[in-house]
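User: I am a first-year student and should like a close look at a single part of this protein, its largest pocket. Please set out in one connected answer what forms that part, and then place it within the rest of the chain.

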Amino acid sequence: MIDHIFMLIDPEGPEIGQMERLGLTETYRRTHPGQGTRNVCYCFDNMFLELLWVDEPDTARSPAIKRTGLYERSSWRSREVCPFGIAWRGTLSGAETPISTWAFAPPYLPDGMTIAVADDGDDVRQPMMFRSPGSTPPSDWPLEKRGELQHGSGLGAVQEIVLTLPAWASPSETLKTIAANCQPRLTLTQGNAWHLVMRIAGLEGRSDLVIAVPD
């Protein structure tokens, strides 16, 4: 299962206002001490969208964080790098070959806890791809963490994701493996620039919502 997708934005960037105009409710914000980033997350029944920005560039370039490419990805508007990250939840049981990963130990995690990050993501023209340390969808989180999700806006689960890659960034084997073995359905296409579309199911008569970033 896809656990969440993140997008690098400018600090407190306009994408936050875009989500507000679409009627989405912020589920939570978090600071990542020692990683140099902050975020705002929008949780749906089965996964969440994270808008992430670098607020401490020197920390994001430090030896402990550098391999993630987060700092480089934050400059995607002026460089040929990918602004997205994709986290899967659990085991990709249908994958023909295991995904090669390295152990990322950001300082904000408890001692001894690591995140398995795909080696393919060393190429910052690919998304940062990793196995989430979480094991359950937002719908199963404690009420104090998940709130009402997006039910107050009449929205439920993400139904479909389309990720467009520019012509200079052919999908890596790991990205193709995630697309072939995860739900909700992830379709990979190629076009002129990086672009993400998410379709969220409407509840109780509301039409489905389509989120497109960059807008």
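Analyst: A pocket, as the word is used here, is an open set of grid points where a 1.4 Å probe fits, with protein on both sides within 12 Å along at least five of seven lines. The model examined here is a predicted one.

The largest pocket holds about 510 Å³ of space. Its lining consists of 26 residues. Those that lie nearest the centre of the pocket are His4, Arg30, Phe48, Tyr108 and Pro133. Several strands contribute to this lining: S1 (2-8), S2 (28-32), S3 (37-43), S4 (48-54) and S8 (128-131) are the elements that each give two or more residues to it. Sorted by class, the lining comprises 14 nonpolar residues, eight polar residues and four charged residues.

The pocket may now be placed within the whole protein. The protein contains five helices and twelve strands. For a chain of 215 residues, a compact globule would have a radius of gyration near 17 Å; the protein has 16 Å, so the value agrees with that expectation. The C-alpha trace spans about 50 × 35 × 35 Å along its principal axes. Of the 215 residues, 49% are buried. Among contacts with a separation of 6 or more, 66% join residues 24 or more positions apart. The protein exposes about 9,800 Å², and carbon and sulfur atoms supply 48% of that area.

Strand S8, which helps to line the pocket, also leads to another part of the protein, since helix H5 packs against it through buried residues. Helix H5 covers residues 173-181, and its buried residues are Thr174, Leu175, Thr177, Ile178 and Ala179. Besides S8, these buried residues pack against strands S5 (84-88), S7 (115-118), S9 (155-166) and S10 (185-191). In the loop between H5 and S10 stands proline 184. The peptide bond that leads from glutamine 183 to proline 184 is cis, with omega near -5 degrees. A cis bond is also found from valine 213 to proline 214, where omega is near -10 degrees. Proline 214 belongs to the segment after strand S12 (209-213).

Strand S1, another contributor to the pocket lining, is joined to helix H1 (14-21) by a loop that contains glutamate 12. Glutamate 12 has a phi near 50 degrees, a positive value in a residue other than glycine. With a relative accessible area of 49%, glutamate 12 counts as partly exposed, because the class of exposed residues begins over 50%. Leucine 149 likewise has a positive phi, of about 55 degrees, although it is not a glycine. Leucine 149 lies in the loop between helix H4 (143-146) and S9. The relative accessible area of leucine 149 is 3%, so this residue is buried, the limit being under 20%.

One further residue completes the account. Proline 57 is located in helix H2, which covers residues 57-60. Its relative accessibility is 37%, and proline 57 therefore counts as partly exposed. Proline 57 and glutamine 35 are 22 residues apart in sequence, and their C-alpha atoms are 9.2 Å apart in space.

How values were computed
Residues are numbered from 1 along each chain as its sequence is written. This is a predicted model: local features need pLDDT of at least 70, side-chain atom pairs count only at pLDDT 80 or more; totals for chains, interfaces and linings use all residues. Side-chain values use heavy atoms; hydrogens and water are left out. On a 1 Å grid over the protein atoms alone, a cavity is a set of points where a 1.4 Å probe fits but cannot get out, and a pocket is an open set with protein on both sides within 12 Å along at least five of seven lines; lining residues have an atom within 4 Å of a point. Grid points are joined across faces, edges and corners, and a volume is the space filled by probe spheres set on the points. Helices (H or I, at least four residues) and strands (E, at least two) are DSSP runs, numbered from the N terminus. Ala, Val, Leu, Ile, Met, Phe, Trp, Tyr, Cys and Pro count as nonpolar, Asp, Glu, Lys and Arg as charged, and the others, Gly among them, as polar. The radius of gyration is taken over C-alpha atoms; the globule rule is 2.2 Å times the number of residues to the power 0.38. Buried means under 20% relative accessible area, exposed over 50%, partly exposed in between (1.4 Å probe, protein chains only). Contact means heavy atoms within 4.5 Å. Accessible areas come from the Shrake-Rupley method with a 1.4 Å probe; for residues, only the protein chains shown count as cover.
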